[in-house]
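Open the model in your viewer and keep the sequence panel in sight. The tour begins at one residue and then widens to the chain.

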Amino acid sequence: MYSYPLVEKFISINGEGPKAGTLSAFLRMRGCNLACNYCDTAWANSPHCPCTFADSDEIIAWLTESGVKNVTLTGGEPLGIPHIDFLIEAMGEAGFSVEIETNGSMSLEKFSSLSCRPAFTLDYKCPDSGMEDYMNMKNYAVLKSQDAVKFVVSSERDLDKAKEIITKYRLTSRCHVYLSAVFGRIEPRDIVSYMTSHCLNHVHLQLQMHKFIWSPQQRGV
């Protein structure tokens, strides 16, 4: 049986994405292949970050005891964890609704064909992140209506790139689409003004709800 490096597990509300505001059981995995300059979980990205290893049976036992049916698999970058497909299938077979928060660089192809297919919240790393060159554009071919693409923006330049990608890949007709502000770098009202001036229909502004309920630096929420 495979073991997985958990740096956090906790129950909270989803702060963003299609299930924002609903309860979820969060499983945060250790390690990430990117280094976005605004990352708010950089502490979890190091391969040396303290963690607890748990196998699928232990994880499912904790989920079952929690009574919460939504699971958010996050990181770090969860799709970079060896044998994570086995855990995704096991949670799906146990009756949990699984959402994967992924950074946009890892291929979704293998995971999109699982018998218990998860929902993906896929980031597009805009220019100001410093990580745009790592985006895997083949992922947009496997997106479905339950999935989401999230553009975390710092500037008008980032908004211009988001609009370009949304249009090129016809994202609003295929999945949920969100614009989210880098906390402290761009005012949400400036995003609304951009959406208005460019008539971005079916695009949602979404703020990170948990950062308004708790301290932006607080973990485990």
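Select glycine 95, which follows helix 2 and has a positive phi, near 100°. The model is a predicted one, and the phi of glycine 95 is computed from it.

Step back along the sequence and select residues 84-93, which form helix 2. Which residues of helix 2 are buried? Colour Ile84, Leu87, Ile88, Glu89, Ala90 and Met91: these are buried. The list includes a glutamate, Glu89.

Next, show what lies over those buried residues. The cover includes two helices, helix 1 (56-66) and helix 3 (109-112). Strands also contribute to the cover, among them strand 1 (3-13), strand 2 (23-29), strand 4 (70-74) and strand 5 (97-102).

Now select the whole protein chain and switch to a cartoon. The chain has six helices and nine strands. Its C-alpha trace spans about 50 × 35 × 30 Å along the principal axes. The radius of gyration is 17 Å, which agrees with a compact globule, because a globule of 221 residues would have a value near 17 Å.

Turn on contacts. Among those in the chain with a separation of 6 or more, 71% are between residues 24 or more positions apart.

Switch to a surface view. The accessible surface is about 10400 Å², and carbon and sulfur atoms account for 51% of that area. Of the 221 residues, 53% count as buried.

Last, colour by charge. There are 21 positive and 25 negative side chains. How far apart are the centres of the two sets? They lie 3 Å apart.

Conventions. Residues numbered from 1 in each chain as written. Predicted model: local features only at pLDDT ≥ 70, side-chain atom pairs only at ≥ 80, totals over all residues. Heavy atoms only, no water. Buried < 20%, exposed > 50% of the residue type's maximum accessible area, 1.4 Å probe, protein only. Helix = DSSP H or I, 4+ residues; strand = E, 2+ residues; numbered from the N terminus. Contact = heavy atoms within 4.5 Å. Rg over C-alpha atoms; globule rule 2.2 N^0.38 Å. Areas by Shrake-Rupley, 256 points an atom, 1.4 Å probe, with all protein chains shown as cover. Lys, Arg positive; Asp, Glu negative; His and termini not counted. Charge placed at Lys NZ, Arg CZ, Asp CG, Glu CD.
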